[in-house]
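Colleague: I would be grateful for a close look at the cysteines of this protein, with attention to how they are paired and how they are placed.

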Amino acid sequence: MGSLLCSKHRETVKEGITTALEHLSSSKDEMTSLVRISNLTDEWMDILQRLHLELFFIPTTVITLVTVLANPLILLCIFLTRALRQETRYLLVANTLAADMLFLILNLATIICNTVRLQIPWLVCQLITAVTVTAYCCAILTVTLMVVDTYVAVRWPLHYHIYLSPARTHRILAGLWVLAAVYPFILVIMTERENSQEKVAVCLVLISLGFIQLKQMVEIHIYFFVAALICAVLIFYCYIRLYMVTRIQGIWQTRFSRARVTLLAHGLLLLLYFTPGFVFTLELFLFHRKDINQDVRVWVSTINMCVFMLLPRAFAPYLYGLRYREISDSLMQMLFQQRLSLITVS
């Protein structure tokens, strides 16, 4: 009986020692990760200042402010005009512009905080990263859905309003936001206990996901790759089918026909939307490579964040918004009425 109790006691002590060693190892790994994050963010900021890359923040601020001023006007025009908010294509435009505005505001706020070296808690940085990735992915998904919407309208014109009614479009858009938000916020929840109290001088999506992918590298790459592949396949399929269906109608014969100009504008905007995503995926893949110069990483990340990611959002209000005659006419009418009321009051 005594030997049995001693055996159980030894097993309990052994389990306690094992648990303590695991906890100690976890704490050690956490401290190592904290040091690496702090060192990397400090080094990143030193390179930015040494190479004077903060000058890229000037066009970033200008483009963001101009776009954030243009997008609300189009959104107001769509939601205040009954005929426009009942059309699926305009609801998709509104959702794209709303996602772009959220992305631009978070991007500008992050850049300002990084410039003034504001110490941000690591958990807050991860939340900003999750919302930024959600906004970017939602814009990509909505742009893809706009191509599908055009294909459905041309392929089944008599059943278009049944397939994509306004009520169904609202549910689809809500589903897009949920789909875009699920994985980024799952990552935040999984890592909320790690480094949550640590403050960093630089909060970048690349750095946040770069450290998270130490444990979820395969999942993160699969998430971005599969999402981009599905969107690209859908877009190419819809455009090829659209061309095959409409080529017998003669709308492609004229060199500067509306169909050609529309395809060119949409193709350019799609290229501008997808290119920064592929560049970011490449940055993420090379994040832990030792043979890549850190200066090169900072250069590529800064240009991608301050230029490439802003170009589609700067063009979107004009190529997707004001190019629609109904939106431009409603906007001019709304501005004219506002001006007329001001003149009457004065």
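**The cysteines and their surroundings**

Modeller: Cys203 has a relative accessibility of 3% and therefore counts as buried. This, like every value that follows, comes from a predicted model. The partner of Cys203 is Cys125, and the two sulfur atoms lie 2.1 Å apart, forming a disulfide. The pair joins distant parts of the chain, 78 residues apart: Cys125 belongs to helix α5, whereas Cys203 sits in the loop between β2 (199-200) and α8 (205-246). The link of Cys125 and Cys203 is right-handed, with 105° about the S-S bond. Cys125 is buried as well, because its relative accessible area is 0%.

The disulfide count for the model is one. Cys137 illustrates an unpaired case: the closest cysteine sulfur, that of Cys231, is 8.7 Å away, and a disulfide requires sulfur atoms within 2.5 Å, so the distance is too far for a bond. Cys137 is nevertheless buried, at a relative accessible area of 13%. Cys238 is also buried, with a value of 2%.

Helix α5, which holds Cys125, connects this account to the interior. The largest nonpolar core has 78 residues, and those touching the most other members are Trp44, Ile78, Ile207, Phe224, Tyr273 and Ile327. Helix α5 (residues 122-155) gives the most to this core, with 16 residues.

A further cysteine, Cys77, is among the buried residues of helix α2, as is Ile78. Apart from its neighbours within four places in sequence, Ile78 is in contact with residues including Leu84, Tyr90, Val93 and Ile327.

Conventions: Residues numbered from 1 in each chain as written. Predicted model: local features only at pLDDT ≥ 70, side-chain atom pairs only at ≥ 80, totals over all residues. Heavy atoms only, no water. Core = buried A, V, L, I, M, F, W, Y, C linked by side-chain atoms within 4.5 Å. Buried < 20%, exposed > 50% of the residue type's maximum accessible area, 1.4 Å probe, protein only. Helix = DSSP H or I, 4+ residues; strand = E, 2+ residues; numbered from the N terminus. Contact = heavy atoms within 4.5 Å.
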